[in-house]
Amino acid sequence: MSFIPFLQAASASASGGLTGMLLPVLLIFVIMYFFMIRPQNKKQKEMERMLSALKKGDKVVTIGGIHGVVSSVKENTIIVKVDDDCKIEFNRTAISSVIDPEAEAKAKAEKEAKEAAAAEKKAAKEAKKNKKANAEEAPAASESAE
């Protein structure tokens, strides 16, 4: 008779232990979904959207690093004009990115602005250095004049 309450207590602690062990495993799967699987699916959908929106005249870069302009678009392939007389046919999946001319111009402008700011800062530093050197020379020149 005293054996039955012992079995009931053992089964209750075993089910609590199972829940306690199952919770961290589920938590790991949830974290893995949000940090690995979901971003990968978003990136894949974005890539499919980009490939389906390709049109003649787009500047593209292939997976191999070849830059060119889309000359014509077929169902599964794209013909890319690499040079004046050179056209290469690629699978759609070989296109890694489309170069946006507006974004390219904006990046170039930002780069030029940074270079101008750096040159201005350098010129200001040189002017300050020259001013300090002239200030040190002025007392020395007045002493030699006396």
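K74 is partly exposed, with a relative accessible area of 42%. I begin with this residue, and I should say at once that the model on the screen is a predicted one. The side chain of K74 meets that of E89 in a salt bridge, at 3.6 Å from N to O. K74 sits in the loop between β2, residues 67–73, and β3, residues 77–81, whereas E89 belongs to strand β4, residues 87–91, so this pair ties together parts that lie 15 residues apart in sequence. E89 is likewise partly exposed, its relative accessible area being 45%. As a general remark, side chains of opposite charge can pair when their charged atoms come close.

How many salt bridges does the structure hold? The count is two. Besides the pair just described, the side chains of D58 and K55 meet in a salt bridge, with an N to O distance of 3.3 Å. D58 is buried, at a relative accessible area of 13%. The cut-off matters here: D58 counts as buried because its 13% falls under the limit of 20%. K74, at 42%, and E89, at 45%, are both described as partly exposed.

Let me now place these residues in the overall arrangement. The protein chain contains two helices and five strands. Read along the sequence, their order is α-β-β-β-β-β-α. The chain has 146 residues, and buried residues make up 12% of them. Its accessible surface comes to about 12,300 Å², and carbon and sulfur atoms account for 62% of that area. Turning to contacts with a separation of 6 or more, 36% of them involve residues 24 or more positions apart.

I turn next to the strand pairing, and I start with the strand that carries E89. In which sense do β3 and β4 pair? They pair in the antiparallel sense, over five bridges. The two strands form a hairpin, with five residues between them. Within this pairing, I79 stands opposite E89 in β4. E89 therefore appears in two roles: it is the salt-bridge partner of K74, from the loop between β2 and β3, and it faces I79 across the hairpin.

The strand β1 comprises residues 59–62, and three bridges join it to β2, the two running antiparallel. K59 has V69 as its bridge partner in β2. β1 and β2 also form a hairpin, here with four residues between them. In the turn of that hairpin, G65 has a positive phi of about 95°.

β1 has a further antiparallel partner: four bridges join it to strand β5, residues 95–99. The bridge partner of T62 in β5 is I95.

Two residues in the strands deserve a closer look. The first topic is S71, which lies in strand β2. Is S71 buried or exposed? It counts as buried, at 15% relative accessibility. The side chain of S71 makes a polar contact with the side chain of K87, at 3.4 Å. Not counting residues up to four places away in sequence, S71 touches K56, I79, V80, K81 and K87. I79 has already been mentioned as the residue opposite E89.

The second topic is I95, whose place is in strand β5. I95 is buried, and its relative accessible area is 0%. Which residues is I95 in contact with, leaving aside its neighbours within four places in sequence? They are M47, M50, L51, L54, V60, V61, T62, I78 and V80. T62 in that list is also the bridge partner of I95. Another member of the list, L51, is 44 residues away from I95 in sequence, yet the two are 7.6 Å apart in space, C-alpha to C-alpha. V80 is in contact with I95 and is also among the residues that S71 touches.

Finally, I come to the aromatic side chains. The count comes to one aromatic pair. Y33 and F34 form this pair in an edge-to-face arrangement, 5.3 Å from centre to centre and with 80° between the planes. Y33 is partly exposed, with a relative accessible area of 38%. F34 counts as partly exposed as well, at 45% relative accessibility.

To return to the opening point, K74 and E89 meet in a salt bridge, and E89 stands opposite I79, a residue that S71 touches. I95 in strand β5 is joined to this description through V80, with which I95 is in contact and which S71 also touches.

Key
Residues are numbered from 1 along each chain as its sequence is written. This is a predicted model: local features need pLDDT of at least 70, side-chain atom pairs count only at pLDDT 80 or more; totals for chains, interfaces and linings use all residues. Side-chain values use heavy atoms; hydrogens and water are left out. Buried means under 20% relative accessible area, exposed over 50%, partly exposed in between (1.4 Å probe, protein chains only). Contact means heavy atoms within 4.5 Å. Accessible areas come from the Shrake-Rupley method with a 1.4 Å probe; for residues, only the protein chains shown count as cover. A salt bridge is a side-chain nitrogen of Lys or Arg within 4 Å of a carboxyl oxygen of Asp or Glu. A polar contact is a pair of N or O atoms within 3.5 Å; within protein, one must be able to donate a hydrogen and the other to accept it, and residues adjacent in sequence count only if both atoms are side-chain atoms. Rings of Phe, Tyr and Trp (its six-membered ring) pair if their centres lie within 6.5 Å; planes under 30 degrees apart count as stacked, over 60 as edge-to-face and the rest as tilted. Two strands pair if DSSP finds at least two bridges between them.
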